[in-house]
Amino acid sequence: MGNRSRALVIALGIFFIGVAALSKFYAYPTLAVAPADQVAHTLSTGPGATIFSVKDLAEKPGVDLWARRTVRGDVAAADKISKALNRKVVVFDTAVVTDDEKDYTFPDDATQTDKLPLSFVQERVVLDAHTGEAVRWNPSDPADNSGEYISSSLKTEDRLKPKEDSEFFKGHEGLVLKFPFGTEKKTYKFWDTTTRKAYPIQYKSETKLDGLPVYVFEQQVPKQDLPQAKPLEVPGNLVGEPGKDSVVVQRTYQNTRTLWIEPVTGAIIKGQEEQLATFAYNGEDKVTATKVKIYYDDDTVKKNVEGGKGDEKKEGGYKAKAAQLHLIGFWVPLISLIIGLLLLALVVYLQLRPRGARRAEEV
């Protein structure tokens with residue numbers, strides 16, 4: 001091999017090693033971030049649930065529940081907070097509406113309380129764009145609305161902002177809407193909106209959903225009393241006190257949450273919850289407030305795997321996104337590194353051959 005050929009091979013070897021380094025340490029970290037402008041919709045179904053009917057003041061079994069979640073990114077707030085904290089974050093506004101009407105819509109008149117959904121909660125969360133971990137952000141300026149909050153009302157004045165000494169909302173913690181890019185088979189902490197705390201969520205197994213490999217995680221939210229802003233009263237006859245018009249009860253809650261996670265992107269492909277909430281009196285559960293097994297419907301799972309259609313065309317599609325990210329983060333660096341090392345090894349091999357063999361080749 002002549003000097004020019006040797007120089008060319010060395011240059012190519014260095015080039016491919018450079019491609020490997022750039023793919024692994026620049027391209028992948030650049031792409032492995034949650035999109036700040038993300039919009040997502042999920043629909044969960046809970047057939048045959050038992051709920052407490054406020055209208056009838058009685059347990060109501062055999063109710064089909066539906067929960068619609070909307071997640072919408074706030075790009076301006078994400079840019080602002082990222083600069084203030086000197087780290088890449090994303091900001092999402094979420095809303096979950098649960099009702100026995102699949103296509104429930106809020107009444108135009110807010111005073112029609114009898115037409116409000118069975119459950120409603122909205123949150124603003126600030127997340128690390130790489131890990132999905134909650135980031136505390138509570139600006140001191142009252143006019144700054146970029147901070148995190150939680151509310152069960154549409155009224156802006158009802159939003160709870162984080163307070164360290166609050167029994168209702170200290171701030172988001174743990175993972176909230178997604179898992180880290182490159183999810184590992186280990187225990188994380190995941191946010192529970194009802195108790196407004198994060199609990200361990202353990203890796204259980206690996207399986208497939210619609211052909212997509214996923215990790216299964218399970219979380220046990222232990223039974224506990226929920227803080228109440230004001231006493232919760234029910235008719236005495238509901239708890240075995242017929243002689244009393246009303247008694248104060250305590251709302252309890254527990255949940256078993258199962259999540260199916262695409263490990264490359266950390267996306268939640270399917271979610272399931274087994275919730276049990278009761279009204280307790282004198283330390284004993286007396287009335288079932290909610291008993292339901294609720295989970296993403298088949299269309300939502302399919303959208304998350306294959307991608308949406310129509311208005312939801314840009315949503316989901318984590319099978320393709322995971323393949324692309326895996327290509328950039330694993331295969332491109334590996335193959336480029338191998339090619340680069342082989343080319344450099346070839347030059348070294350030819351250079352170290354016996355002098356006679358090199359002369360014969362040059363002749």
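Me: Why is Tyr104 called buried?
Reply: The word buried is kept for a relative accessible area under 20%, exposed for one over 50%, and partly exposed for what lies in between (1.4 Å probe, protein chains only). Tyr104 has 15%, so it is buried. This is a predicted model, in which local features need pLDDT of at least 70 and side-chain atom pairs count only at pLDDT 80 or more, while totals for chains, interfaces and linings use all residues. Residues are numbered from 1 along each chain as its sequence is written, and side-chain values use heavy atoms, leaving out hydrogens and water.

Me: Which of the three words fits Phe106?
Reply: Phe106 has a relative accessible area of 28%, so it is partly exposed.

Me: What makes Tyr104 and Phe106 an aromatic pair, and why is the pair called edge-to-face?
Reply: Two numbers are needed, because a pair of aromatic rings is described by the distance of the centres and the angle of the planes. Rings of Phe, Tyr and Trp (its six-membered ring) pair if their centres lie within 6.5 Å; planes under 30 degrees apart are stacked, over 60 edge-to-face, and the rest tilted. By this rule there are ten aromatic pairs. In the pair of Tyr104 and Phe106 the centres are 5.4 Å apart and the planes 75 degrees apart, which makes the pair edge-to-face.

Me: Which residues do ring pairs link into a cluster?
Reply: The cluster consists of Phe179, Tyr188, Phe190, Tyr203, Tyr215 and Phe217.

Me: How do you know that Lys178 sits over the ring of Phe181?
Reply: The rule asks for NZ of Lys or CZ of Arg within 6 Å of the ring centre and within 35 degrees of the ring normal. The charged end of Lys178 is 4.1 Å from the centre of the Phe181 ring, which fits the distance limit. Lys321 lies over the face of Tyr318 in the same sense, at 4.9 Å from the ring centre.

Me: What makes strand β4 largely enclosed?
Reply: Nine of the ten residues of β4 (residues 119-128) are buried, so the rest of the structure largely encloses the strand. Strands (E, at least two residues) and helices (H or I, at least four) are DSSP runs, numbered from the N terminus.

Me: How do you know that β4 pairs with β3 and with β5?
Reply: Two strands pair if DSSP finds at least two bridges between them. Ten bridges join β4 to β3 (residues 89-99), and three join β4 to β5 (residues 149-151). Both pairings are antiparallel. Val90 has Leu127 of β4 as its bridge partner, and Gln122 stands opposite Ser151 in β5.

Me: How do you know that β2 pairs with β1 and with β3?
Reply: β1 and β2 share twelve bridges, while β2 and β3 share eight, so both counts satisfy the rule of at least two. Both pairings are antiparallel. Gly46 is bridged to Leu65 in β2, and Gly73 to Phe92 in β3. Four residues lie between the strands in the hairpin of β1 and β2, where Leu57 takes a positive phi near 50 degrees.

Me: Why is Gly266 called buried?
Reply: Gly266 has a relative accessible area of 0%, so it is buried. Gly266 is found in the loop between β10 (247-262) and β11 (267-281). Gly266 and Tyr318 are 52 residues apart in sequence and 9.4 Å apart in space, C-alpha to C-alpha.
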